[in-house]
Amino acid sequence: MSAHRGNKRQHFGKASGRRGRDHDNAVVDENNPVIQCFREYATILDAKHDKYERIVKISRDITIESKRIIFLLHTIDSRKNNLRKVCEEAKDRLDAIFRNHFINIAKELQDQDPYQYARAYTNGMQEFIEAYTFYEYSCGQDISHWESIQKKLTYEITSNEVPSGGKSFKEKSDLESSSDGTLEEPTVTPNKAEEASEMACLLNPQDFVLGLGDLSGEIMRTCVNSLGSGNSESCFQHCRFMQELYKGFLSVTSIRSRDYSHKMITLRQSLLKSENVCYNVTVRGGEAAKWGTTDDATGALFQLQLSKDDDDEGVFF
């Protein structure tokens, strides 16, 4: 009986293998409407994946350049009196990101649903917001609203009906206005029809908020560096700004994002380190600058170790 069952299994195995070989040799009818439909779907998906990867590459370039700008801003030193020089260089490099990188993302997102590609450049956008807001903070400017940055990420397209299909791109925020406050009309060349439209790189408000959360780490480093350079009075200004920023983050209760929760933890740790610096300045006075060096033994005093059970009590309005 067992031998009979074994023969049946062997017989079925041979049959299944024979059916597989027949399936491999089957001819696909390219004129079949279903096959044509799936071929079209494959082409659309391949184009979408290629576009997604191109945006990811641009986002990586934005991340690298934004980190370099942040490192540049950390070189500001009151003893060297280089604030103006560093801020001008940082501004030029930030404008270059608008002109050379975000405009390429805007071209890729033209006539597309930007939310389908939002995850492709969210890391680069958050790093750029961190660098941009840190530049404004270091230069003594107010932090821009996300809508004002979105306007900078909106570009005007002027397309001429040229046989080569050339297009010229111009940033919307760079348009010159006439004396009466109206935008000057571009000169239209005869025999050429000119149409103006807009394209934009979407700035998700959530990315803007998460970028502000990363800003706290840079301000904390600035606070410690200010103490090391002997400018202990600015430590309290940095700490007060971070307290207001943390209070604003605590007031947001409707957002449902795991990244937002992580930013809150990082923000609170940076705030506590800054408050610890201010505490040492208050207690030790002029001697606190000696403890603000980069030495591991002395710098460890400023590293506040948080317990897992140390939950924030929050704020109530």
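**Figure 1. Surroundings of glutamate 218 in helix 6 of the predicted model.** Helix 6 spans residues 205-228 and contains glutamate 218. With a relative accessible area of 10%, glutamate 218 falls below the 20% limit and is therefore buried. Its side chain forms a polar contact of 3.3 Å with the side chain of arginine 221. When residues up to four places away in sequence are not counted, glutamate 218 touches Ile70, His74, Glu130 and Phe134.

**Figure 2. Helix 4 and the glycine that follows it.** Helix 4 covers residues 122-138 and is one of the elements that supply at least two residues of the largest nonpolar core. From its first C-alpha to its last, this 17-residue helix reaches 24 Å, close to the 24 Å expected at 1.5 Å a residue. Of its 17 residues, 16 are buried, so helix 4 is largely enclosed by the rest of the structure. Glycine 140, which comes after helix 4, has a positive phi, near 80°.

**Figure 3. The largest nonpolar core.** This core comprises 52 residues, and Phe102, Ile105, Phe128 and Leu153 have the most contacts inside it. At least two core residues come from each of helix 2 (33-73), helix 3 (83-109), helix 4, strand 1 (154-160), helix 6, helix 7 (233-250) and helix 8 (258-284). Helix 3 provides the largest share, eleven residues. Because domain 1 (34-158 + 198-203) and domain 2 (204-293) both give residues to the core, it lies between them. In soluble globular proteins, nonpolar side chains tend to be buried together.

**Figure 4. Contacts of phenylalanine 102, and a separate core.** Phenylalanine 102 is one of the residues with the most contacts inside the largest core. With neighbours within four places in sequence left aside, phenylalanine 102 is in contact with Ile62, Ile97, Met125, Phe128, Leu153, Tyr155 and Cys201. Apart from the largest core lies another, of seven residues, including Leu227, Cys235, Cys239 and Cys278.

**Figure 5. Overall context of the close-up views.** The protein has ten helices and three strands, arranged along the sequence in the pattern α-α-α-α-α-β-β-β-α-α-α-α-α. Of its 317 residues, 34% count as buried. Among contacts with a separation of 6 or more, 73% are between residues 24 or more positions apart. The accessible surface comes to about 20600 Å², and carbon and sulfur atoms account for 49% of this area.

Notes
Residues numbered from 1 in each chain as written. Predicted model: local features only at pLDDT ≥ 70, side-chain atom pairs only at ≥ 80, totals over all residues. Heavy atoms only, no water. Helix = DSSP H or I, 4+ residues; strand = E, 2+ residues; numbered from the N terminus. Buried < 20%, exposed > 50% of the residue type's maximum accessible area, 1.4 Å probe, protein only. Polar contact = N/O pair within 3.5 Å; in protein donor to acceptor, adjacent residues only side chain to side chain. Contact = heavy atoms within 4.5 Å. Core = buried A, V, L, I, M, F, W, Y, C linked by side-chain atoms within 4.5 Å. Domains from an automatic or database assignment. Areas by Shrake-Rupley, 256 points an atom, 1.4 Å probe, with all protein chains shown as cover. Expected span 1.5 Å × (residues − 1).
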